[in-house]
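Here are some short exercises to work through with the model open beside you. Try each task yourself before you read its solution.

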Amino acid sequence: MTPAFFLLIFLSMADVSLNAPAKAEDQTDGSMFNPEVIPGPSAPMITGISIVHGDIAVLNDSLKNADPCTAKGCKWPKSGKYVYVPYIISSAYSQEQRNIILGGMESFHLSTCIRFVPWNSDDCSYIYFESKDGCWSFVGRQDNGQYLSLQKNGCLYHGTVQHEILHALGFHHEQCRSDRDKYVCINKKNIEPGQEGNFKKEQTNNLGTPYDFYSIMHYGKYDFSINGQPTIFARADPYFDWGHAKHMSSNDINRINKLYECLALNGSAS
């Protein structure tokens, strides 16, 4: 997957549906979107990408996920009350496809202190939404820009956008968390050969939150099955089914607010 140079990015007037504070705290009436044509930055020099855990990008020279990476500097920086995450959406997406991505970002504005803002020339770190091969993201902020792939055919769903953004914010899959063995059992004999690594347990920061079968970050019960039998089952109830989440759970939102120290106000992030 050799990254191409970024083309000019067009930020359309339709983007104003995502209302967020401007980066300066005193600019309360500014739109986060600029309808003018903005030249994108040079493409980050990313080569040798491998995909692990189904949809997590890692560089071949490290071939491991941060454990946890948020303890080593991959959190997005906070400025005042908000965490500003610069973004670019590839011009290869149609406006309808852009709107799905924008809607996914907007959902974070409604319940957390995460604020997605259009990239400008002062931003060294940013997310570039691109239709590459499959749905995947790096875990946490990467230096000098990073891809988040949402392939046009198969990845443009609200829950998928949230899932990949959560990876970019520093979160791993639920069934890979460090305490997962208390709650689930992995049926190794049912896993498709070569896919065993997708079920590797990680040293995660669970932020004092409970294991959540309804998390948007949880694999499905039959994912990567070679024979149609479950690859994961709940220890408390082997017949319990899950993995059909369409949006973030309350635990997903709570974890964001804990990790990024969002100040809760009337039940929502301030």
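The protein has three helices and 14 strands; both are DSSP runs, with helices (H or I) of at least four residues and strands (E) of at least two, numbered from the N terminus. This is a predicted model, in which local features need pLDDT of at least 70, side-chain atom pairs count only at pLDDT 80 or more, and totals for chains, interfaces and linings use all residues. Residues are numbered from 1 along each chain as its sequence is written, and side-chain values use heavy atoms, with hydrogens and water left out.

**Exercise 1. Find out how confident the predictor is.**

Step 1: Start with the mean pLDDT, the predictor's confidence in each residue from 0 to 100. For the protein it is 79, and 71% of the residues reach 70 or more.

Step 2: Look for weak stretches. Over residues 1–22 the pLDDT is below 50, and it also stays under 50 over residues 24–45.

**Exercise 2. Describe how β6, α1 and β7 are arranged.**

Step 1: Locate them at residues 82–89 for β6, 95–111 for α1 and 114–118 for β7.

Step 2: Check the pairing, which takes at least two DSSP bridges between two strands. β6 and β7 run parallel and are joined by five bridges; Tyr87, for example, has Pro118 in β7 as its bridge partner.

Step 3: Follow the chain. The three elements form a right-handed β-α-β unit: with the strands pointing away from the viewer, the path from the first strand over the helix to the second runs clockwise.

Step 4: Inspect both faces of β7. In a regular strand the side chains alternate between the two faces of the sheet. Here Ile114, Phe116 and Pro118 lie on one side, Arg115 and Val117 on the other, and all are buried (under 20% relative accessible area with a 1.4 Å probe, protein chains only; exposed is over 50%, partly exposed in between).

**Exercise 3. Map the largest nonpolar core.**

Step 1: Recall the term: a set of buried Ala, Val, Leu, Ile, Met, Phe, Trp, Tyr and Cys residues joined through side-chain atoms within 4.5 Å.

Step 2: Find its centre of contacts. The core has 36 residues, and Phe129 and Tyr260 have the most contacts inside it.

Step 3: See who contributes. Among the elements that each supply at least two residues are α1, β7 and α3, while β6 gives the most, with six.

Step 4: Look around Tyr260. Beyond four places in sequence, its contacts (heavy atoms within 4.5 Å) include Trp76, Val83, Ile114 and Leu169.

Step 5: Look elsewhere. Apart from this core lies another, of 10 residues, including Val184 and Trp242.

**Exercise 4. Is His218 buried or exposed, and which residues does it contact?**

Step 1: Place His218 in the loop between β11 and β12.

Step 2: Read its accessibility. His218 counts as buried because its relative accessible area is 7%.

Step 3: List its partners. Leaving aside neighbours within four places in sequence, His218 touches Glu174, Gln175, Val184, Tyr211, Asp212, Phe213 and Trp242. Gln175 is 43 residues away in sequence, yet the two C-alpha atoms are 5.9 Å apart.

Step 4: Pick out the polar contact (N or O atoms within 3.5 Å, one able to donate a hydrogen and the other to accept it; residues adjacent in sequence count only if both atoms are side-chain atoms). The side chains of His218 and Tyr211 make one at 2.8 Å.
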